[in-house]
Amino acid sequence: MLRPKVDDVRLRFFGGLHAEADGAPLEIRGRGQEALLFRLALDAGTTVAYRSLAEDVWPDDLPEDPRASLQSLASRLRRGLPAGALEAVPGGYRLAVQRDDVDLALFQDLVGRSRRATDPAAAARDARAALNLWRGDPWTPGDGFDWVVRDLLEDRAHAERILAATATDA
């Protein structure tokens, strides 16, 4: 189920961290808040379980009480976001924004759609749109998110292959 938009939130991670609501920059302070925002943005609009969040936010040094630490971190992050943007839900948290408002999520969706397309022109159009989002290396809040960069690089390679294949078919 699609939820209504929370203000006009835009999160950009290609080429650096850029977060804004209604055109005004959002201040996200500290690695913990950045890591929580980043992890939730990857799955924008869906619930991310406490355990997954804790393991990604603190990959090398899990706090003694991860759930309480997440609640504290989420409370601080919530202050920097528009009202209703960060929801506590049964089992975890949800960033209440649309996937197309997060450049990394939109990129992955476009590449996925391109890979599933049966029409070569549609596949090329989506692959090109995905690659146009890549405006610099993806920003991550630390080494614990190397898996995200690997996935994005793999998706980028798929998009490039799709464009190359459709160019030779033309």
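In this predicted model, helix 1 (residues 31-42) packs against helix 3 (residues 66-80). Their axes lie 9 Å apart and cross at an angle of about 90°. Helix 1 is therefore roughly perpendicular to helix 3, because angles of 65 to 115 degrees count as such. Helix 1 contributes Gly32, Gln33, Leu36 and Leu37 to the contact. From helix 3 come Leu70, Leu73, Ala74, Arg76 and Leu77. Six of the residues in this contact of helix 1 with helix 3 are nonpolar, two are polar and one is charged.

Helix 3 also packs with helix 2 (residues 50-57). Here the angle is about 80° and the axes are 10 Å apart. Helix 2 and helix 3 are therefore roughly perpendicular to each other. On the helix 2 side, the contact is made by Tyr50, Leu53, Ala54 and Val57. On the helix 3 side, Pro66, Arg67, Leu70 and Leu73 take part. The residues of the contact of helix 2 with helix 3 comprise seven nonpolar, no polar and one charged. Leu70 and Leu73 of helix 3 thus appear in the contact with helix 1 and in the contact with helix 2.

The model also holds an open sheet of three strands, in the order 4-6-5, with antiparallel pairing. Strand 4 and strand 5 stand at the edges. Each has a single partner strand, so one side of each is left without a neighbour in the sheet. From one strand to the next, the twist averages 30°. Helix 1 packs on this sheet and touches strand 4, strand 5 and strand 6. The direction of helix 1 makes about 75° with that of strand 6. Helix 3 packs on the sheet as well, touching strand 5 and strand 6. The direction of helix 3 makes about 150° with that of strand 5.

The pairings can be followed strand by strand. Strand 4 (residues 47-49) pairs with strand 6 (residues 92-95) in the antiparallel sense, over three bridges. Val48 has Tyr93 of strand 6 as its bridge partner. Strand 5 (residues 86-89) is joined to strand 6 by four bridges, and the two run antiparallel. Leu86 stands opposite Leu95 of strand 6. Strand 5 and strand 6 form a hairpin, with two residues between them. In the turn, Gly91 has a positive phi of about 90°.

Arg94 also belongs to strand 6. The relative accessible area of Arg94 is 14%. Arg94 is therefore buried, because the limit for that class is under 20%. The side chain of Arg94 makes a polar contact of 2.6 Å with the side chain of Glu87.

A second arginine, Arg113, is placed in helix 4 (residues 103-116). With a relative accessible area of 43%, Arg113 is partly exposed, because that value falls between 20% and 50%. The side chains of Arg113 and Asp126 are joined by a polar contact of 2.9 Å. Arg113 and Glu55 are 58 residues apart along the chain, and their C-alpha atoms are separated by 29 Å.

Key. Residues are numbered from 1 along each chain as its sequence is written. This is a predicted model: local features need pLDDT of at least 70, side-chain atom pairs count only at pLDDT 80 or more; totals for chains, interfaces and linings use all residues. Side-chain values use heavy atoms; hydrogens and water are left out. Two strands pair if DSSP finds at least two bridges between them. Buried means under 20% relative accessible area, exposed over 50%, partly exposed in between (1.4 Å probe, protein chains only). A polar contact is a pair of N or O atoms within 3.5 Å; within protein, one must be able to donate a hydrogen and the other to accept it, and residues adjacent in sequence count only if both atoms are side-chain atoms. Axes are lines fitted to C-alpha atoms, for helices over the stretch in contact, and angles run from 0 to 180 degrees between N-to-C directions. Angles under 35 degrees count as roughly parallel, over 145 as roughly antiparallel, 65 to 115 as roughly perpendicular and the rest as oblique. Contact means heavy atoms within 4.5 Å. Ala, Val, Leu, Ile, Met, Phe, Trp, Tyr, Cys and Pro count as nonpolar, Asp, Glu, Lys and Arg as charged, and the others, Gly among them, as polar.
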